[in-house]
Amino acid sequence: MAGLKRRVPLHSLRYFISMVGLFSKPGLLPWYARNPPGWSQLFLGTVCKGDFTRVIATKCQKGQKSQKKPSHLGPLDGSWQERLADVVTPLWRLSYEEQLKVKFAAQKKILQRLESYIQMLSGVSVTTAVPKSERLSCLLHPIIPSPVINGYRNKSTFSVNRGPDGNPKTVGFYLGTWRDGNVVCVQSNHLKNIPEKHSQVAQYYEVFLRQSPLEPCLVFHEGGYWRELTVRTNSQGHTMAIITFHPQKLSQEELHVQKEIVKEFFIRGPGAACGLTSLYFQESTMTRCSHQQSPYQLLFGEPYIFEELLSLKIRISPDAFFQINTAGAEMLYRTVGELTGVNSDTILLDICCGTGVIGLSLAQHTSRVLGIELVEQAVEDARWTAAFNGITNSEFHTGQAEKILPGLLKSKEDGQSIVAVVNPARAGLHYKVIQAIRNFRAIHTLVFVSCKLHGESTRNVIELCCPPDPAKKLLGEPFVLQQAVPVDLFPHTPHCELVLLFTR
């Protein structure tokens, strides 16, 4: 096996992977049920299992055991608060400089494995596909740090369940697992990434719950009413709270009474200390409900949060996606903009665009911006932001990208260059989206933003870069990974955004 040919027999690949310990049973892969087994199944087992950042972080933590506990935790005996910090913010014991080193090493490791799979598929010899050195084919830039290290989250979601003292009306974050039946809800006001305002609203929500005669909904199918709390803030200090409530069999009159009680608590009662600018209430009969499934009801205040970013005033609805670190998001979007290389002859295609910030921030440099987003409210926000900021060369489409993108691309002129930007959720992109991008030859540049380059996102990258495969309807020329830029939006945690530039 000194060198693999361009079209490597499947059985040879299986043999090679089994020899180096990379083979994973196809049935364990999430996409195996809907796609026939092929080359993608052969390479993703390790990536699905390999959260390299967490592994490295754990090793660093073990080396920090004897370090003096930081003063922000106070006179704790160490247990609930420290245990929660170790789960939610595993890197909190490290200095920020050390955290960045851990994350950079992890991102480099991810890219090395990813490149080895791509090279193998392209017929590169095994000796170079799995190098012993730490060289990369793509250019890996230094990690861009977050401008804000503590209290940076602009959105936090708090759960309700039994606390360490057994009180079922405790508001915080979970420790333990449902499988083991040892779930405990621990107050989170000591966590470094949670701003004081979020903790304050959570504490007053707990006060409200403990004086309410209605029971909380601890296990979804076992009754109870009060559920989680989401808090959103902007850089001006405006605060939106969203309370999720299981209506069970309450009448509309009874629901109205509960809404009035919680409204009164946060306007004139003890909760007025939070200074909420808006309070939403959602009646949710499922564990997760969208606005379309169960509308967010505004009990009082302003219906939106507004943010200033990249010289734009941005409108954010209750369930619209917006990066949770505003200052870090500006660094991320500037990085994306620089990598796209757009000009006045370029159409910018923004897939999974959220509130449209990436596309709108680059609109003045392009001929047109086309955005696609699943959440209808986010699309309405993007359209409002475009109109408010006087941007006239943008259009945004609501729906599933895999259904909208093929038709949208067919309608465009063949001669015009298109730059695509994708910023999918952790689940990655639907394979039909990858097919559309791959097979539309006018797309020569693609910027892929991922906060978790494992599992489906890895499969996305491999399908973008593999040789043409008629069986998988990947007919266009493959993309080549040119540059990678890690951007830290999540200090104290193992997570990091990775911006990848592909060209062809």
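The following questions and answers concern a predicted model.

Q: Which of the residues given by UniProt as "binding site" does the lining of the largest cavity include?
A: An unreviewed UniProt entry places the feature "binding site" at Gln323, Glu373 and Asn423. Of these residues, the ones that the lining of the largest cavity includes are Gln323 and Asn423.

Q: Is Gln323 buried or exposed?
A: Gln323 is placed in the loop between β10 (312-316) and α10 (326-340). Leaving aside neighbours within four places in sequence, Gln323 is in contact with several residues, among them Asn154, Tyr333, Leu489 and Glu497. The relative accessibility of Gln323 is 3%, and because residues under 20% count as buried, Gln323 is classed as buried.

Q: Which residue annotated as "binding site" is in contact with Asn423?
A: Asn423 is found in the loop between β14 (418-422) and α14 (431-439), and at 12% relative accessibility this residue counts as buried. Apart from neighbours within four places in sequence, the contacts of Asn423 are Phe321, Gln323, Ile351, Cys352 and Val449. UniProt's "binding site" feature, from an unreviewed entry, covers Gln323, Glu373 and Asn423, and of the contacts of Asn423 the one that carries this annotation is Gln323.

Q: Which strands stand at the edges of the open sheet of seven strands?
A: The strands of this open sheet follow the order β4-β3-β2-β5-β6-β7-β8, with mixed pairing. A strand at the edge has a single partner strand, so one of its sides is left without a neighbour in the sheet. That is the situation of β4 (184-186) and β8 (297-301).

Q: What residue in β3 stands opposite Ser159?
A: Strand β2, residues 155-161, pairs with strand β3, residues 170-175, in the antiparallel sense over three bridges. Across from Ser159, the residue in β3 is Gly172.

Q: At about what angle does helix α8 run to β5?
A: Helix α8, formed by residues 196-211, lies across four strands, namely β2, β3, β5 (226-233) and β6 (239-245). Its direction relative to β5 is given by an angle of about 155°.

Q: Which side chain is joined to that of Lys103 by a polar contact of 2.7 Å?
A: Lys103 lies in helix α6, residues 96-121, and counts as buried because its relative accessibility is 0%. The Lys103 side chain reaches the backbone oxygen of Thr493 at 2.9 Å, whereas the polar contact of 2.7 Å is made with the side chain of Asp488.

Conventions:
Residues numbered from 1 in each chain as written. Predicted model: local features only at pLDDT ≥ 70, side-chain atom pairs only at ≥ 80, totals over all residues. Heavy atoms only, no water. UniProt positions renumbered as here; feature names shortened; annotations may be inferred. 1 Å grid on protein atoms, 1.4 Å probe; cavity = no way out; pocket = protein on both sides within 12 Å on 5 of 7 lines; lining within 4 Å. Helix = DSSP H or I, 4+ residues; strand = E, 2+ residues; numbered from the N terminus. Buried < 20%, exposed > 50% of the residue type's maximum accessible area, 1.4 Å probe, protein only. Contact = heavy atoms within 4.5 Å. Pairing = 2+ DSSP bridges. Axes fitted to C-alpha atoms, helices over the stretch in contact; angles between N-to-C directions. Polar contact = N/O pair within 3.5 Å; in protein donor to acceptor, adjacent residues only side chain to side chain.
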